[in-house]
Amino acid sequence: MSDAEAPQPKPEGGEQLNIKVKDADGNEVFFKVKRTTKLSKLKKAYAERMGKPENSVRFIFDGQRIGDNDTAETVSSELRRRSRKWLQELNRTKYSH
């Protein structure tokens with residue numbers, strides 16, 4: 001099982017992102033992808049590089065499985081949405097006492 005970490009934009013704000021893929025043993029592989037590249041392409045490249053069957057690779061980000069049609073852009077948008085919801089719930093709990 002793999003753990004894809006948060007996409008990090010290049011300092012100049014270009015279209016490519018540097019993505020680190022970390023496996024269960026802690027091995028890390030780095031890729032450069034566009035924000036709109038389907039992560040199925042990343043999964044295929046990772047499987048080939050690691051010599052594993054593609055259907056044995058699963059990407060997890062922040063505890064959620066990443067789908068083949070997801071992109072770095074859709075994953076980061078979902079993370080921002082969940083962060084806002086978490087902050088709203090935290091504030092609601094904080095001020096309800």
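## Briefing: core, cavity and loop contacts in a predicted model

Buried residues make up 25% of the 97 residues in the protein, where buried means under 20% relative accessible area, exposed over 50%, and partly exposed in between (1.4 Å probe, protein chains only). This is a predicted model, in which local features need pLDDT of at least 70 and side-chain atom pairs count only at pLDDT 80 or more, while totals for chains, interfaces and linings use all residues. Residues are numbered from 1 along each chain as its sequence is written, and side-chain values use heavy atoms, with hydrogens and water left out.

**Overall layout**

- The protein has 2 helices and 6 strands; these are DSSP runs numbered from the N terminus, with helices being H or I of at least four residues and strands being E of at least two.
- Following the chain along its sequence, you will meet the order β-β-β-β-α-β-β-α.
- Of the contacts between residues at least 6 apart in sequence, 35% join residues at least 24 apart; a contact means heavy atoms within 4.5 Å.
- About 6,900 Å² of the protein is exposed, and carbon and sulfur atoms supply 48% of that area; accessible areas come from the Shrake-Rupley method with a 1.4 Å probe, and for residues only the protein chains shown count as cover.

**The nonpolar core**

- In soluble globular proteins, nonpolar side chains tend to be buried together.
- Here the largest nonpolar core has 16 residues, and those with the most contacts inside it are Ile19, Val21, Phe31, Leu42, Tyr46, Phe59 and Ile66.
- Two or more residues each come from strand 3 (16–23), strand 4 (28–34), helix 1, strand 5 (59–61) and helix 2 (72–95), with helix 1 giving the most, 4 residues.
- A nonpolar core is a set of buried Ala, Val, Leu, Ile, Met, Phe, Trp, Tyr and Cys residues joined through side-chain atoms within 4.5 Å.
- Phe31, one of the core residues listed above, touches Leu17, Asn18, Ile19, Val21, Leu42, Ala45, Tyr46 and Arg49, not counting residues up to four places away in sequence.
- Val57 sits in the loop between helix 1 and strand 5 and is buried, at a relative accessible area of 2%.
- The C-alpha atoms of Val57 and Tyr46 are 8.3 Å apart in space, with their positions 11 residues apart in sequence counted as the separation.

**The second largest cavity**

- There are 2 cavities of 30 Å³ or more, a cavity being a set of points, on a 1 Å grid over the protein atoms alone, where a 1.4 Å probe fits but cannot get out.
- The second largest cavity has a volume of about 30 Å³; grid points are joined across faces, edges and corners, and a volume is the space filled by probe spheres set on the points.
- Its lining consists of Leu39, Ser40, Lys43, Phe59, Ile66, Gly67 and Asp68, where lining residues have an atom within 4 Å of a point.
- Helix 1 (residues 39–50) supplies the largest share of this lining, 3 residues.
- By class, the lining has 3 nonpolar, 2 polar and 2 charged residues; Ala, Val, Leu, Ile, Met, Phe, Trp, Tyr, Cys and Pro count as nonpolar, Asp, Glu, Lys and Arg as charged, and the others, Gly among them, as polar.
- Ile66, in the loop between strand 6 and helix 2, counts as buried at 13% relative accessibility.
- Ile66 and Ser40 are 26 residues apart in sequence, and their C-alpha atoms are 9.2 Å apart.

**Where helix 2 begins**

- Thr71 lies in the loop between strand 6 (64–65) and helix 2, and is buried with a relative accessible area of 9%.
- Leaving aside neighbours within four places in sequence, Thr71 is in contact with Arg35, Thr36, Thr37, Lys38 and Leu39.
- Arg35 belongs to the loop between strand 4 and helix 1 and is partly exposed, at 26% relative accessible area.
- Although Arg35 and Ala72 are 37 residues apart along the chain, 5.1 Å separates their C-alpha atoms.
- Thr74, in helix 2, is partly exposed with a relative accessible area of 39%.
- From Thr74 to Thr36 the C-alpha distance is 8.3 Å, across 38 residues of sequence.

Key: On a 1 Å grid over the protein atoms alone, a cavity is a set of points where a 1.4 Å probe fits but cannot get out, and a pocket is an open set with protein on both sides within 12 Å along at least five of seven lines; lining residues have an atom within 4 Å of a point.
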